[in-house]
Amino acid sequence: MRLLFLILFAAVCAFADPQEPKSLVHWMGYSEAFALAKSKPKLVFVDLYADWCVPCRVMDKNVYMNPMVADALNRYFYPVKLDADSQDSIMCDGQKNTVQRCYFDVWELNALPAFVLVAPKGMSILTVTDSMSPQEMLELLLKFLEKEKEWMSR
């Protein structure tokens, strides 16, 4: 039995992508974040990406794998990752739309990577479209936290 387990374990490991480490950020689903925000209010940090977006992969590797950035996102925000091309329905600014329509029509974004900061009640606060370094991301998150009390009621 132990031999069978070892063989199966080796087979699974052989198909695992060694180039793709698990993210340090505890990404959650969009609906899950807002369900949690009802009982324990925090700002929701939405990272918008696309599979074809090379700068998005660079952000995943260089910024979100930074322990300080990951700790700040995990501790002070509800971090959400959304595919900008997705046809899944979500509520954005009180409107039910696909992620793609929220990206273009509601949040008025036109580049990736993009970030949307959303209040616990679901209204967007601001959007950012830019690649950045871990230090720049930490500075941005700190600025968000400085305005948190003002933005929480939106």
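## Exercises on a predicted model

Arg75 is partly exposed, with a relative accessible area of 47%, in a structure that is a predicted model.

**Exercise 1. Determine which residue Arg75 meets in a salt bridge, and where the two partners lie.**

Step 1. The side chain of Arg75 meets that of Asp71 in a salt bridge, with 3.0 Å from N to O.
Step 2. Both residues belong to helix α4 (residues 67-76), where they stand four residues apart, about one turn of the helix.
Step 3. Asp71 has a relative accessibility of 36% and therefore counts as partly exposed, as does Arg75 at 47%.
Step 4. This pair belongs to a structure that holds five salt bridges, and another of them joins Glu150 to Lys147, with the closest N and O atoms 3.1 Å apart. Glu150 is partly exposed at 47%, and Lys147 is partly exposed at 35%.

**Exercise 2. Describe the surroundings of Asp47, and decide whether this residue is buried or exposed.**

Step 1. Asp47 is found in strand β1, and its relative accessible area is 2%; since buried means under 20%, Asp47 is buried.
Step 2. Its salt-bridge partner is Lys81, the closest N and O atoms being 2.4 Å apart. Because Asp47 lies in strand β1 and Lys81 in strand β2, the pair ties together parts that are 34 residues apart in sequence.
Step 3. Lys81, with a relative accessible area of 22%, is partly exposed.
Step 4. A network of salt bridges links Asp47, Asp60 and Lys81, while a polar contact of 3.1 Å joins the side chain of Asp47 to that of Tyr64.
Step 5. When neighbours within four places in sequence are left aside, the residues in contact with Asp47 include Trp27, Val80, Leu82, Ala114 and Phe115.

**Exercise 3. Work out how the buried residues of helix α2 are arranged, and what covers them.**

Step 1. In α2 (residues 30-39), the buried residues are Tyr30, Ala33, Phe34 and Ala37.
Step 2. Viewed down the axis of α2, these buried residues fall within an arc of 90°, so they line one face of the helix.
Step 3. On the other side of α2, Ser31, Lys38 and Ser39 are exposed.
Step 4. The cover over the buried residues of α2 includes the strands β1 (43-49), β2 (77-83), β3 (89-92) and β5 (114-118).

**Exercise 4. Establish how many disulfides the structure holds, and which handedness belongs to each.**

Step 1. There are two disulfides, and with the bonded cysteines counted along the chain they follow the pattern 1-2, 3-4.
Step 2. Cys53 and Cys56 form one of them, their sulfur atoms 2.3 Å apart. The torsion about this S-S bond is about 80°, so the disulfide of Cys53 and Cys56 is right-handed, and both of its cysteines are buried.
Step 3. Cys92 and Cys102 form a disulfide with sulfur atoms 1.9 Å apart, and with -80° about the S-S bond their link is left-handed. Cys92 lies in strand β3 and Cys102 in helix α5 (residues 99-106), so the pair ties together parts that are 10 residues apart in sequence.
Step 4. Cys92 and Cys102 are both buried.

**Exercise 5. Characterise the pairing of β3 with strand β4 (residues 95-98).**

Step 1. The two strands pair in the antiparallel sense, over four bridges.
Step 2. The bridge partner of Met91 in β4 is Lys96.
Step 3. Two residues stand between the strands of this hairpin, in which Asp93 takes a positive phi near 50°.

Methods: Residues are numbered from 1 along each chain as its sequence is written. This is a predicted model: local features need pLDDT of at least 70, side-chain atom pairs count only at pLDDT 80 or more; totals for chains, interfaces and linings use all residues. Side-chain values use heavy atoms; hydrogens and water are left out. Buried means under 20% relative accessible area, exposed over 50%, partly exposed in between (1.4 Å probe, protein chains only). The arc is that of the directions from the helix axis to the C-beta atoms. Contact means heavy atoms within 4.5 Å. A disulfide is a pair of cysteine sulfur atoms within 2.5 Å. A polar contact is a pair of N or O atoms within 3.5 Å; within protein, one must be able to donate a hydrogen and the other to accept it, and residues adjacent in sequence count only if both atoms are side-chain atoms. Two strands pair if DSSP finds at least two bridges between them. A salt bridge is a side-chain nitrogen of Lys or Arg within 4 Å of a carboxyl oxygen of Asp or Glu.
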